[in-house]
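Here is a short report on how two chains meet, followed by a few backbone details. Look at the structure first, then read on.

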Amino acid sequence: MMSALSTRSHPGDVVVRCRDLTKHFRYHEQQPGLAGTVRALLRRRHRTRVAVEGLDLDLAPGEVCGLLGRNGAGKTTTIKMLCGLIQPTAGELSVLGERPSRRSFTFLRQISVIFGQKSMLWWDLPAYDSLLLHRRMYDLSRSEFDLAVGQLSELLELGDLLSIPVRRLSLGQRMRCELALALLHSPRLLFADEPTIGLDVLGKRVIRDFLARVNVELGTSIVLTSHDMDDVAALCPRVVLIDHGTKRYDGDLTGLARSVRPAKQMMVTFTAEPQLPDPLPPGVTVVGRPAPDVLQLDIDREWLAEVLTAVSGWGPVVDLEVTDADLDEVMVSVFDGFPEQRSPGESRSA
Amino acid sequence: MIARTARTFGALVSRDIQITLTYRAWLFWLLLGNLPVPVISLLVWQGAAALGAELSVEQDYLVTYFVLVALVSMLTSSWSAGFLADSIRLGDLASWLVRPCSTHLNGIANNVAEKIAKLVLMVPMVAVLALLMHRQISLPTDPLRWLGFGVAIVLGSVIMFALDVLIGSLAFWVDEVSGVLRAKSLVAGVLSGAVLPLALMPAVLQPALAVQPFRYVVSFPLEVLLLPTIPGSGFALATGWAAALSATAAVVWRIGLRGYQAAGA
């Protein structure tokens with residue numbers, strides 16, 4: 001199906017390898033108001049902000065890895081270093097066997113970047129013209145180009161969209177064209193920074209399905225950042241949690257959820273107000289009562305079977321739903337566990 | 001690599017002509033705005049000559065100079081500095097850095113396309129002006145002159161583009177470069193000979209005017225075309241300025257890029 005978009009992967013290679021990766025930003029501080037501006041003219045006070053500190057990360061070919069963290073945690077800075085946009089302050093970094101900041105043709109030919117908030121398409125032209133430009137930049141033959149455009153158009157249901165000036169497209173249509181542009185040269189590694197931001201549910205689904213398919217059928221490795229936990233759950237078997245520039249977790253999403261919110265959630269609806277035993281069975285906490293006949297419980301996993309049996313004794317059950325903690329709530333719990341204020345990471349100099 | 005770069009360059013030029021032609025009215029008014037300064041200058045100097053002012057150049061030279069000056073100014077000009085500074089400041093540069101195509105190749109293509117599109121409209125305007133003044137216009141017939149004129153135009157364009165990259169690169173360190181751009185525009189207008197021929201400036205300034213880089217942007221190509229002898233040392237100096245400014249721009253760009261934070265990307 002996607003034969004023209006071969007990514008020429010080399011099994012056994014490490015796609016990304018970084019050790020002790022560090023990035024510090026230097027910026028000047030200015031007091032508000034006219035007096036502050038005048039003072040800053042005469043004497044600038046500089047600060048150094050630690051964006052990423054001592055990050056170790058390996059990515060295997062074909063792997064999809066989600067970088068998670070709150071705003072300013074260091075996710076985007078990490079992606080910028082991995083794709084060669086900015087140079088690390090310290091540490092070792094190798095991506096596809098190259099040093100990204102050299103930005104060699106060999107390196108750039110094998111990667112692609114999607115910025116959810118920055119378009120790579122030319123605004124005033126139809127998307128097809130952007131594809132033609134990329135054909136030249138990436139040195140694709142006419143037959144390679146035609147085949148790739150045909151397949152991407154079919155997969156992303158582009159139809160006539162490619163002939164409409166980009167500025168006239170909706171956000172969802174534009175993102176589909178952005179994906180076609182990003183995948184035209186069959187990159188081995190795709191960086192997707194908030195690719196579904198601002199999209200409606202259908203738009204998000206198209207993007208997720210397409211990325212999943214690209215990964216499975218072409219073996220394209222993907223590094224994704226997203227604040228939408230549904231994106232992460234749908235695409236990333238592995239997540240790396242970054243906070244204050246340091247790695248706090250590296251593993252699967254289920255493991256993260258269980259370590260932070262080990263309890264299962266149960267919502268039980270009775271025909272009438274239930275008669276709860278006193279005391280409650282071990283491992284059970286009532287966390288909410290949305291209606292007199294509805295109970296919301298947190299249950300330790302080890303007691304789940306017993307509680308399921310016991311619940312029918314509290315009253316006639318109409319409906320029962322058992323779920324893991326909602327991923328957004330998991331992330332809230334994760335972030336609540338980290339200190340909000342950065343103090344050791346900042347230094348000041350005049 | 002050269003073949004790929006040439007093909008990419010061709011595609012970028014074609015794209016920019018497409019975009020420029022999309023905004024036809026804007027282009028027309030932009031061009032119309034280029035003509036008043038040389039036309040007014042020409043009328044002022046003709047008036048001065050008619051009142052008996054002693055000019056250091058022939059009247060015919062002056063007329064031909066002012067008829068051609070808008071064309072030469074347009075051909076050697078560059079408008080990349082503002083775009084480059086904005087792309088650094090707003091993070092758009094990131095989209096070039098992750099693709100195998102230099103943002104400067106894009107800048108050169110953008111300038112070339114702008115000139116192609118403008119030539120289509122400007123040549124008829126200059127032709128009309130030339131027709132009105134045809135008795136006082138004398139152009140050389142020697143092909144060597146025209147070849148030298150072409151080379152001088154290319155060297156002038158390189159000087160202006162390198163200066164633009166240099167000024168645009170300042171955005172790596174300062175938030176606003178429009179002041180520097182305005183200053184450059186003012187200085188270049190006077191020192192290049194776009195406002196009046198350098199030959200009409202005081203004799204005491206002539207040695208300094210002859211070696212400064214802006215001379216090679218407008219005045220020198222016209223000197224090559226219109227003066228009795230082609231100044232050979234001028235080509236050496238123009239090449240020197242073009243090389244020195246290009247090298248400086250490349251170094252400054254690399255230093256800036258090393259500390260680039262890609263904010264906004």
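Between chain B and chain A, nine residue pairs are in polar contact, both residues at pLDDT 80 or more. A polar contact is a pair of N or O atoms within 3.5 Å; within protein, one must be able to donate a hydrogen and the other to accept it, and residues adjacent in sequence count only if both atoms are side-chain atoms. Three helices of chain B each supply at least two residues of the side that touches chain A: helix 1 (2-22), helix 6 (93-97) and helix 12 (232-258). Helix 1 of chain B gives the largest share of that side, eight residues. Helices are DSSP runs of H or I with at least four residues, strands are runs of E with at least two, and both are numbered from the N terminus.

The model is predicted: local features need pLDDT of at least 70, side-chain atom pairs count only at pLDDT 80 or more, and totals for chains, interfaces and linings use all residues. Residues are numbered from 1 along each chain as its sequence is written, chains are lettered from A and ligands numbered from 1 in the order in which they are written, and side-chain values use heavy atoms, with hydrogens and water left out.

**The interface**

The contact (heavy atoms within 4.5 Å) takes 28 residues from chain B and 27 residues from chain A. The two chains bury about 2700 Å² between them, and 62% of it is on carbon and sulfur atoms. Three residues stand out: B:V98, B:R99 and B:P100 supply 25% of the area that chain B buries against chain A, more than any other three residues. Buried area is the accessible area (1.4 Å probe) that two parts lose on being put together, summed over both.

The rule finds two salt bridges across this interface. A salt bridge is a side-chain nitrogen of Lys or Arg within 4 Å of a carboxyl oxygen of Asp or Glu. One of them joins B:D92 and A:K118, with the closest N and O atoms 3.3 Å apart.

**Backbone details in chain A**

Two residues other than glycine have a positive phi.

| Residue | Phi | Place in chain A |
|---|---|---|
| A:D20 | about 55° | strand 1 (residues 16-29) |
| A:R103 | near 50° | loop between strand 4 (90-95) and helix 3 (105-110) |

A:D20 is partly exposed at 48% relative accessibility. A:R103 is partly exposed too, at 24%. Partly exposed lies between buried (under 20% relative accessible area) and exposed (over 50%), with a 1.4 Å probe and protein chains only.

The peptide bond from A:D278 to A:P279 is cis, with omega near 5°. A:P279 sits in the loop between strand 10 (264-270) and strand 11 (284-291) of chain A.
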